[in-house]
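Hello,

I'm passing a structure over to you, together with some notes to help you find your way around. Please open it alongside this email and follow the residues as you read.

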Amino acid sequence: MGAKKVFKPGQTASGILDTKGGDKLKQMRATSNYNFQFIPKEKIIPNEKNKNYSQDNIEALSESITVNGLRHNLSVIFDVEKNMYRIVSGERRFHAIDIMDENVYKELFPTGIPCKVEKSSISEIDEEIMLISANHDTRETTIEEKRWEIRRLKELYETKKITGEITNITKEIAKQLNMSQRQAIKYVNAEKLIPELSDLLNQNGISLEDANKFSRLDEWAQLKIVELLSAKGSIDPSELESIKKISQEKELENKRSQEELARTREKLDERDRHIAALERRIQQLQDSKSQLPEHDLKEELKYVSDAKEKAEHEKQRLQSQLKKMKQQQKELEVRNTSVSSDELKRITQFAKTEQTLQLLETNFAVLKNHKKLLKSDADLKIRLEVLKNRIIDLYNEIEM
């Protein structure tokens, strides 16, 4: 018997695996879900979509692979037309291997770079989704990179939702990035932040939880939060509640103003239609198309003309009112962007006072449940008397 044949990675019974392959092999590569292969670096090409991920510290990574070996295989897709393998995940690893000394490369990868070959008959959208997911799994992404991943996945899944392939975008994002749907929603909401707060989130200046809260506020409120963070580096709950309260009041006032403007415009349009109808009637009467007697014709002409004059006066009044309301709307917008620090401080103090009164009411309920102790214990009774006198004094000061 002949010696037993020992196969090495990347070999078959007939020798080294044919990396060029015929049409049948190409078809098999394109339609298979995925397979594992050792691929020469000359047959691997970068992926344009990987440019969104940093490609720094390549030299250090190359040295690490030389010493410790390749810890994660590359993920690639076979391009039938180019007869090349396009990288899905492992761009940095590929460049780190590519810059190696040729002798070192041949020693470490005699039959090629180990690669997971993904199914290549997928759409461009699914390929990019796979690319983002694979990079997320193998990289320590910054919060800025993670936000880009979620933003881009949202765009891709919106297209798939239109075609009916999916129904819940955030659920799909969460699944691809191995996070809860609740966390995915917070990241999506963070896209509503103004640039200043968005930068703070990227730099870990605020938490994702805070970013989610701030994203629900309007631009004015978010700018106020930036001011407070810049001034003292933090914002306490009472200040946040105060900002919310001011913002809600502004929104309500603005809504009322907009509704009033809309009603006035509607009245003005109605008046224009009425005047146009009266003008047509006058024209008909003047053209003598009416069969009315001359006396009645004069009477109707006078009646319609008077009505038209009255309608025009009403139109002028509405136009003047609309102009005044527009000016008031502009002034309101200016006020909405320039609430003073003193006003914010006043509302914050008011919120704190409300919290204190609420606490006092809660404690009063507790005291009431222990009235027997208050009656029997002299020390407790004295302290309750002192508290009563202080409350009376405060009330008298407020009334003065």
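**Two pockets to look at**

Thr353, Thr356, Leu357, Leu359, Leu360, Asn363, Leu387, Ile391, Leu394, Tyr395 and Ile398 line the second largest pocket. Two elements, α14 (341-369) and α16 (378-399), each give two or more residues to this lining. The largest share comes from α14, with 6 residues. Before going further, please keep in mind that this is a predicted model.

How much space lies in the second largest pocket? The value comes to about 310 Å³. As for the character of its lining, 8 residues are nonpolar and 3 are polar, with no charged residue among them.

Now for the largest pocket, which holds about 420 Å³ of space. Its lining is made up of 21 residues, and those closest to the pocket's centre are Leu61, His72, Arg92, Arg93 and Thr138. Here the elements that contribute two or more residues are α2 (58-68), α3 (91-98) and α5 (124-138).

Which element gives the largest share of that lining? That is α2, with 4 residues.

The lining of the largest pocket divides into 10 polar, 8 charged and 3 nonpolar residues. For the second largest pocket, by comparison, the count is 8 nonpolar, 3 polar and no charged.

If you want a place to begin, you could display α14 and α16 for the second largest pocket, then move to α2, α3 and α5 for the largest pocket.

Happy exploring, and best wishes

Methods: Residues are numbered from 1 along each chain as its sequence is written. This is a predicted model: local features need pLDDT of at least 70, side-chain atom pairs count only at pLDDT 80 or more; totals for chains, interfaces and linings use all residues. Side-chain values use heavy atoms; hydrogens and water are left out. On a 1 Å grid over the protein atoms alone, a cavity is a set of points where a 1.4 Å probe fits but cannot get out, and a pocket is an open set with protein on both sides within 12 Å along at least five of seven lines; lining residues have an atom within 4 Å of a point. Grid points are joined across faces, edges and corners, and a volume is the space filled by probe spheres set on the points. Ala, Val, Leu, Ile, Met, Phe, Trp, Tyr, Cys and Pro count as nonpolar, Asp, Glu, Lys and Arg as charged, and the others, Gly among them, as polar.
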